[in-house]
Structure formats: structure tokens, C-alpha cells
Amino acid sequence: MRHAVQVLGEDHPSTLTVRGNRASWRGQTGDAAGAAQEYADILDHMVRMVGEDDPRTPSVRTHLASWRREGGRTQDVG
């Protein structure tokens, strides 16, 4: 059986939402570094696919910065 995001593809907005949810859940279960890495990957993907001017990009940057702070990393967020 195929997983729903595999059917939609990695560029579909719903897939990015699911990835963001997964990153958030990961952080909430104590893996702040993993959440930050996942948000960094999402951000890279979004910038490539929809660009810096997409209205969702700042939200992803905010989540990335938050999880980096939570995990003790305060370096640049991309």
C-alpha cells in the first residue's frame, strides 16, 4: 500500500505540510536537533521550489530558528 505523500510527490504543498508537522512532532518529543535539521531541509526545498517570496517561507524560517534555539544552536537560519 502506498503512503499518501508518496502519491502526491515531494513538491506538493500537502507533502511540505506533513513534513513540517513531522518536524514539529519530532521536536516536541525531545529531538530539537532533528526537528531543526528537518526544518532546514524543508526550507532548502521550499526556496528551490517556490522561492524566497512565497508567504510560507518566513514561517518555516521561524520554526527552524525556534528549534535551533531549543537545541542550543543559534547560527544563521539560511
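A salt bridge is here a side-chain nitrogen of Lys or Arg within 4 Å of a carboxyl oxygen of Asp or Glu. The model on display is predicted, and a search of the whole structure finds five such salt bridges. The tour begins with one of them.

**First selection: Glu38 and Arg26**

Select Glu38 and Arg26 and display their side chains. They meet in a salt bridge, with N and O 3.3 Å apart. Glu38 belongs to helix H3 and Arg26 to helix H2, so the pair ties together parts that are twelve residues apart in sequence. The two partners may then be coloured by accessibility: Glu38 is buried, with a relative accessible area of 7%, whereas Arg26, at 37%, counts as partly exposed.

**Second selection: Arg56 with Asp54, and Arg61 with Glu52**

Move next to Arg56, which forms a salt bridge with Asp54; their closest N and O atoms are 2.8 Å apart. Here the Arg is partly exposed, at 34% relative accessibility, and Asp54 is buried, at 14%. Before leaving the salt bridges, add Arg22 and Asp31 to the earlier pair: Arg22, Arg26, Asp31 and Glu38 are joined into one network by salt bridges that share partners.

Then select Arg61 and Glu52, whose side chains also meet in a salt bridge, at 2.8 Å from N to O. Arg61 counts as buried at 18% relative accessibility, while Glu52 counts as partly exposed at 43%.

**Third selection: helix H2 and Arg19**

Select residues 13-28, which form helix H2. The 16 residues of H2 should span 22 Å at 1.5 Å a residue, and its end C-alpha atoms are 23 Å apart, which agrees. Highlight Thr15, Leu16, Arg19, Gly20, Ala23, Ser24 and Gly27, the buried residues of H2. After the helix comes Gly30, with a positive phi near 105°.

Within H2, centre the view on Arg19. What is the nearest side chain of opposite charge to this buried residue? It is Glu38, 4.9 Å away, and Arg19 has no salt bridge; the distance cut-off for one is 4 Å. Leaving aside neighbours within four places in sequence, Arg19 is in contact with Glu38, Asp41, Ile42 and His45.

**Fourth selection: helix H4**

Select residues 57-70, helix H4. Its 14 residues reach 20 Å from the first C-alpha to the last, close to the 20 Å expected. Which residues of H4 are buried? They are Thr57, Val60, Arg61, Leu64, Ala65, Trp67 and Arg68. An α-helix has 3.6 residues a turn, so residues three or four places apart point the same way. Display helices H2 and H3 (32-49) as well, since what covers the buried residues of H4 includes both. Gly72 follows H4 and has a positive phi, near 90°.

**Last selection: the largest pocket**

Finish at the largest pocket, which has a volume of about 180 Å³. To display its lining, select Pro13, Leu16, Thr17, Gly20, Asn21, Tyr39, Ile42, Met46, Arg56, Ser59, Val60 and His63. The elements giving two or more residues to this lining are H2, H3 and H4. Which element supplies the largest share of the lining? H2 does, with five residues.

Several residues from earlier stops return in this last view. Arg56, the partner of Asp54 in a salt bridge, is among the lining residues. Leu16 and Gly20, buried in H2, also line the pocket, as does Ile42, a contact of Arg19. From H4, the buried Val60 lines the pocket as well.

How values were computed
Residues are numbered from 1 along each chain as its sequence is written. This is a predicted model: local features need pLDDT of at least 70, side-chain atom pairs count only at pLDDT 80 or more; totals for chains, interfaces and linings use all residues. Side-chain values use heavy atoms; hydrogens and water are left out. Helices (H or I, at least four residues) and strands (E, at least two) are DSSP runs, numbered from the N terminus. The expected span of a helix is 1.5 Å times one less than its number of residues. Buried means under 20% relative accessible area, exposed over 50%, partly exposed in between (1.4 Å probe, protein chains only). Contact means heavy atoms within 4.5 Å. Lys and Arg count as positive and Asp and Glu as negative; His and the chain ends are not counted. On a 1 Å grid over the protein atoms alone, a cavity is a set of points where a 1.4 Å probe fits but cannot get out, and a pocket is an open set with protein on both sides within 12 Å along at least five of seven lines; lining residues have an atom within 4 Å of a point. Grid points are joined across faces, edges and corners, and a volume is the space filled by probe spheres set on the points.
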